[in-house]
Every structure is written in C-alpha cells, then in structure tokens.
Amino acid sequence: MVKQGEATTTGRGDGDTSATGSPSAARSAGKNSNLVAAKSAKNDEFYTQWADIEREMNAYLEYDKDVFRDKVLLLPCDDPEWSNFAKFFALHFMDYGIKKLISTSYAADSKPDTIDYQPTLFETEASQFDETRTRANGKVFVLERKDVNGDGVVNIDDLRWHYLDGDGDFRSAEVTALRDEADVVITNPPFSLFREFIAWLVEGGVKFSIIGNSNAVTYVETFPLIKDNRLWKGATGNNTDMVFGVPKGAPVSEADRLKAEKLGYPSDDDFDYTRLGNSCWFTNIDHGRRHEALQLMSMADNIKFSKHKNVQGVGYQRYYNFQEAIEVPWVDAIPNDFDGPMGVPITFLDKYNPEQFEIIAHGDDMEAMRDIGVKVLGEAFVKKYYEGGGTGGNSPGHRRLGLTEPHYSTAYKRIIIRRKNPS
Ligand SMILES: C[S@@+](CC[C@H](N)C(=O)[O-])C[C@H]1O[C@@H](n2cnc3c(N)ncnc32)[C@H](O)[C@@H]1O
C-alpha cells in the first residue's frame, strides 16, 4: 500500500516492498545502474513530486468531485517503478471511482545513454520477465476494478503488467490505441517533445492534465488552443518552484539543489532533486481558479494608487502602431473599465477567467497582429529605435507593438485581451 507521507518526502510512493511484488518493490537492483546512467542523463528525466500531483488533482476534484469517476485514465511516459503518477492514482483508485488505470513506460534503450540500465527485482521476479525485451520494450501496467491478489482491496498491488510490442513511445500505434481507449491522460511528458505531445492529445480528443514549461503558452501549437478556451493553465504551481527528482548524479546546479532541499527535498538513495521555476500544468479539465474574477481597479484609480511607478501618475501608453490599444505592463494594473484591446504580460494567463476577458491574439504573431489592425512599425519608428540604443531585430515591415516612452522600443511577450461584457 502506498504511503502518502513517504512519497511526499522522498519523491516516491513506495511502501510495502516485498510481499506482493508490487512495482514499488525491490528496486535495489536498479540503484547502481541509476547512479551510472545519471551521469549522462538528459533533460527529459524529471520525476514529478507527489505533492504537486495531489495539489493539482485536488483542484479538479474540488470543482467536480466526479471528475475521474468511471473514467479510463492513461498515464503515458511514466513508470510506476519510478514515478508518482501511477502510485497516486492507484492509491485513489477506489475513492476517485476510476474505472481503469493504464500506465506506460518508455524503454531503457530508447532513452539517451542509459547503457547501464538494469531491471528491478519487481520485473526480474515476474513470470513474464524476458531478458530480450527488458531494455528494448516499454511496459504497460493496468489496474482494474478487480482484486487480483485477493487481499480484499484494490490497490497498487493489483497492478498487472506486460511488455509492449514497441518501446512505449507515446506516438506509437499501440500507445495511441491506449490514448483512444482513455477518457483522461495525465502525465509529465518529455519536455523536449511537448509540442508533439499536445498535438497528440488534441488529436485524441481526450481530457488531459500535463506538466510543461510555462513558455509553452506562446507556442503556435498551444496559443490558439488557449485563445479558444480549449486549453488553459492548471490551478496550482504557477509562478512557484516545482521540485523534480532527477537520476542520481545528474547535473543539477548547487543553487537549485539547495532550493529543492529547502523546499523539503534533500537527496535520497534514489534521486537528487532540482527545482524549476517555470514549469506549470496545462489542462482542459475545469477548475475553480479560472472562474474567479481578477480583482482590478478602474483606470483612474490605477493612475492614482497603482504601486507601479510606471503606472501611478503616468497612465497607460497607446501603442505607436495600434492606437486603439493600451500597453498594460503589469497584470494587477489591468484597468477594469477600459473597453478596447490591452497588451498584457503572458503571466496574465495564470489569472485568466474566460468570463471576465477574451484573448484576442499573441503579440509575437505578426499575422494575427495584422488581422487585428496593428500597422507596420515603419522607417521613422525603426530609425528612432536604433538611435535610442535598441539592439533587437526590428524592421520597418514588422508588426511588433511599438512603444515610444521612455524610449522607442517594442513590447515584450504581450497577449492582447479585451474585457468581456464592456459597458
Ligand atoms: C519529464 S519525465 C517524467 C516522468 C514521469 N511521468 C514523472 O512525471 O515522474 C518524461 C519521461 O518520458 C520519457 N520519454 C522520452 N521520450 C518519450 C517518448 N517519445 N515516448 C514516451 N516516453 C518518453 C522520458 O524518458 C522520461 O522518463
């Protein structure tokens, strides 16, 4: 049985390690290999912490207590022997009312530089263990509403597994078939394949919740989905550090290691820990935060009382080449009584409530800028820009959002929004 507290502290959810041959059992055989493999570990090996999973799933459950009821859940790019996702959902299998839990792992041979991988005892002691497939094939783990081992409860010890035909690549036909069987897909996918992973989820028409880099909001694959309210940021973990386990010996900066330690994750026998300040959840599962309105002041009050010195007593600039819109340099300085378009920082998406605002376009998307009426910067602007010390690649034909105060510049990473239900 998984012990939640243990998982939170150590980054894994293993409890009982021997009696049933559960995936959490007997991982010692893999430890040495883990140490060696870690030396060359690539950036995709980041193991999610139990507390982060729990916080985000609780937000969905608070909004809809039946969000997982009678659902088939797929956890791809995972591995119950190492990761917390399968352990977390196996622990909550009955109380969430899950119909079927499927987790797939990715083959050691397909991961970079994992030459010293060794199977765990959990695998080698299983009757289906196959020396020829252990490194080359992914695995699929399944938990259903069946007390397989007859101990009176359905939990992680009833998880059964077999080798996949291929390496467990989420893009393979067999994992795609599992996606098509699933109602909900939850994981921390390889960051390097995030764009493909989102496309794969959308193609499958599933509900999902995944971890990614917050910069991904600007990707051409994601922004249109965000704009159309088919994808949004999760309820938790925005603008705070998320701690991840990494294979022992993987390069982690001392500052990040110390920060992770301060957050309650000192290195342990299985993992070192690091923190990422820019990771967050992306989901199409509803949660309460996105229905809370941002509390904002009027334009006049912002000019009087804003804590930002480029707003208080100063007001809002109009863009040089998009006069109907104002530049809003801070999310908390968005005026609640301006009805035109507003350029706001992308961190707005952490607070975005689709009943309060609509998203019109991304400021880096020149075509979208043209479509909403942004003019080209022109020769005169660009001349002043370079005379004023600008070093960016702005050309007269560009439709970046031009600012003239305190000097000629172009706004950085803006989203154009408009108030819903204007007066
Ligand atoms: C960011 S880690 C997360 C692991 C686990 N889901 C967790 O959150 O603890 C992503 C995992 O995906 C695996 N992976 C990389 N490429 C993959 C692919 N094409 N298909 C499936 N998994 C892949 C990596 O080896 C890595 O273990």
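Here is a chat about how some features of this predicted model get their labels.

Colleague: Let's start with the helices. Why are H3 and H4 called oblique to each other?

Modeller: Helix H3 (residues 50-63) and helix H4 (residues 84-91) pack at an angle of about 50°. Roughly parallel needs an angle under 35 degrees, and roughly perpendicular runs from 65 to 115. The value fits neither class, and therefore H3 and H4 count as oblique. Their axes are 9 Å apart, and the crossing is right-handed.

Colleague: Which residues make that contact?

Modeller: On the H3 side they are Trp50, Ile53 and Glu54, and on the H4 side Asn84, Phe85 and Phe88. A pair counts as a contact if the C-beta atoms, placed from the backbone, lie within 7 Å. By class, the contact has four nonpolar, one polar and one charged residues.

Colleague: Now the eight-stranded sheet. What makes E5 and E8 its edges?

Modeller: The strand order is E5-E4-E3-E2-E6-E7-E11-E8, in an open sheet with mixed pairing. E5 and strand E8 (232-233) each have a single partner strand, so one side of each is left without a neighbour in the sheet.

Colleague: How do you know that E4 pairs with E3 and with E5?

Modeller: Pairing takes at least two bridges. Strand E3 (residues 100-104) and strand E4 (residues 139-144) have five, in the antiparallel sense. For E4 and strand E5 (residues 160-163) the count is four, again antiparallel. Both counts meet the cut-off of at least two, so both are pairs.

Colleague: Which residues face each other there?

Modeller: Between E3 and E4, Thr104 has Val140 as its bridge partner, and Ile102 stands opposite Val142. Further along E4, Lys139 is partnered by Tyr163 in E5.

Colleague: And the five-stranded sheet, what makes E12 and E15 edge strands?

Modeller: That open sheet runs E12-E13-E14-E18-E15, with mixed pairing. Strand E12 (318-319) and strand E15 (357-362) each pair on one side only, which is what puts them at the edges.

Colleague: How do you know that E18 pairs with E14 and with E15?

Modeller: The same test of at least two bridges applies. Strand E18 (residues 414-419) shares five bridges with E15, in the antiparallel sense, and Glu358 stands opposite Arg418 in that pairing. Strand E14 (residues 342-345) is joined to E18 by four bridges, also antiparallel, with Val344 opposite Ile415. So both pass the cut-off of at least two bridges.

Colleague: Over to backbone oddities. What makes Asp70 worth flagging?

Modeller: Most residues other than glycine have a negative phi. Asp70 is not a glycine, yet its phi is positive, near 60°. The residue sits in the loop between H3 and strand E2 (72-75).

Colleague: And what is the peptide bond between Glu405 and Pro406 called?

Modeller: That one is cis, with omega about -5°. Most peptide bonds are trans. Pro406 lies in the loop between strand E16 (402-403) and strand E17 (409-410).

Colleague: Last one, the ligand. Which residues come nearest?

Modeller: Thr48, Cys77, Ser83, Tyr106 and Asn188, out of the 19 residues around the ligand. A residue joins that shell if its C-beta atom, placed from the backbone, lies within 6 Å.

Colleague: How does the shell break down by class?

Modeller: There are nine nonpolar, five polar and five charged residues around the ligand. Tyr and Cys count as nonpolar in this scheme.

Methods. Residues are numbered from 1 along each chain as its sequence is written. This is a predicted model: local features need pLDDT of at least 70, side-chain atom pairs count only at pLDDT 80 or more; totals for chains, interfaces and linings use all residues. Helices (H or I, at least four residues) and strands (E, at least two) are DSSP runs, numbered from the N terminus. Axes are lines fitted to C-alpha atoms, for helices over the stretch in contact, and angles run from 0 to 180 degrees between N-to-C directions. Angles under 35 degrees count as roughly parallel, over 145 as roughly antiparallel, 65 to 115 as roughly perpendicular and the rest as oblique. A crossing is left-handed if the near helix is turned anticlockwise from the far one by less than a right angle, and right-handed if clockwise. Two residues are in contact if their C-beta atoms, placed from the backbone, lie within 7 Å.
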